[in-house]
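Subject: Structure for you to look at, with notes

Dear colleague,

Please find the structure that I promised you just below, followed by my notes on what was found in it. I have tried to explain each term when it comes up, so that you can read the notes with the model open beside them.

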Amino acid sequence: MRLLLVEDNVALADELNRDLKRLGYALDWLADGRDALHQGLIEPYDLVLLDLGLPGTSGLDVLRHWRAQGLHTPVLILTARDKWSERIDGLKAGADDYLTKPFHPEELQLRIQALLRRAHGFANQPQLQAAGLVLDEARQMAQYRGETVTLTAAEFSLLRYLMLHPERILSKSQLYDHLYNGEAERDSNVIEVHINHLRRKLGKDIIETRRGQGYRLGGEA
């Protein structure tokens, strides 16, 4: 899953960058609201972490602009402002959730997971489940047919994205766009390699190849 972090506190941004990459997210970072106005609309982010006190353009104005332009990407506001009126302003502007600094890394992790599940129609699931799989995001493992399957970081990220889009055909280009950040070097075979690794661990029928189209998570209903 590819996230956008808009935060002008460099130390916090560095910390979040490390933590979120460790959790299997691809992350782009911007420090200026003016840059976010444009990039948030042209890149296929799965979720945005947005500070309010930004240079250039405030986080609230960035969010209002995005929503006015029809952007439906989930937005989690991160801010030191804790007045109830400011929370209401953020929610009215179109935020999906609100987290006040300082916050515990695990709380941020759980809120991100919940927002992503909600955005893809899995709001009632405490853990992501699809095609007979149950994903343990904390340990980056999967349960399948009664067995625990250990995943590498890359396998986990790919499987999580496939599970959030069950039965949907996903092109290689879509997978690259959502699994790697804008600066990542994209190997033309890396997706195929990780697909094959998942098939060896979970069974050859778990992921279907549609020639000329992409991949589809199948498995048990």
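In these notes a residue is called buried when its relative accessible area is under 20%, exposed when that area is over 50%, and partly exposed in between, with a 1.4 Å probe and only protein chains considered. This is a predicted model, in which local features need pLDDT of at least 70 and side-chain atom pairs count only at pLDDT 80 or more, whereas totals for chains, interfaces and linings use all residues. Residues are numbered from 1 along each chain as its sequence is written, and side-chain values use heavy atoms, with hydrogens and water left out.

The chain as a whole

The chain has 8 helices and 11 strands, where helices (H or I, at least four residues) and strands (E, at least two) are DSSP runs numbered from the N terminus. Its radius of gyration is 18 Å, which agrees with the value near 17 Å that a compact globule of 221 residues would have; this radius is taken over C-alpha atoms, and the globule rule is 2.2 Å times the number of residues to the power 0.38. Along the principal axes, the C-alpha atoms fill a box of roughly 50 × 30 × 30 Å. Of the 221 residues, 48% are buried. If you count contacts (heavy atoms within 4.5 Å) between residues at least 6 apart in sequence, 56% of them join residues at least 24 apart.

D51 and helix 3

The UniProt record, an unreviewed entry, places the feature "modified residue: 4-aspartylphosphate" at D51; such positions are given in the numbering used here, feature names are shortened, and annotations may be inferred rather than shown by experiment. In the model, D51 lies in strand 3, which covers residues 47-51, and D51 counts as buried because its relative accessibility is 5%. Not counting residues up to four places away in sequence, D51 touches V6, E7, D8, G59, L78, T79 and K101.

One of these partners, G59, is also among the buried residues of helix 3 (residues 59-68), which are G59, L60, V62, L63 and W66. These buried residues cover an arc of only 160° around the axis, which means that they sit on the same side of helix 3; the arc is that of the directions from the helix axis to the C-beta atoms. An α-helix has 3.6 residues a turn, so residues three or four places apart point the same way. The cover over the buried residues of helix 3 includes strand 1, helix 2 (33-42), strand 3, strand 4 (75-79) and helix 4 (84-93). Just after helix 3, G70 takes a positive phi of about 90°.

L12 shares two contact partners with the list for D51, since apart from neighbours within four places in sequence L12 is in contact with E7 and K101, and both of these also touch D51. L12 is found in helix 1 (residues 10-22) and is buried, with a relative accessible area of 16%.Helices 6, 7 and 8

Helix 7 (residues 172-179) has the buried residues L175, Y176, H178 and L179, and what covers them includes strand 1 (2-6), strand 2 (26-30), helix 6 (153-163), helix 8 (190-202) and strand 11 (214-217). From helix 6, S157 touches L179 as well as G24, not counting residues up to four places away in sequence. S157 counts as buried because its relative accessibility is 11%, and a polar atom of its side chain lies 2.9 Å from the backbone oxygen of G24.

In the loop between helix 6 and helix 7 you will find H165, which counts as buried at 7% relative accessibility. The side chain of H165 makes a polar contact with the side chain of H120 at 3.3 Å; a polar contact is a pair of N or O atoms within 3.5 Å, where within protein one must be able to donate a hydrogen and the other to accept it, and residues adjacent in sequence count only if both atoms are side-chain atoms.

R199 lies in helix 8 and counts as buried at 17% relative accessibility. Its side chain makes a polar contact with the side chain of T209 at 2.6 Å, and the residues that R199 touches, leaving out those up to four places away in sequence, are K204, I206, I207, E208, T209 and Y215.

With best wishes
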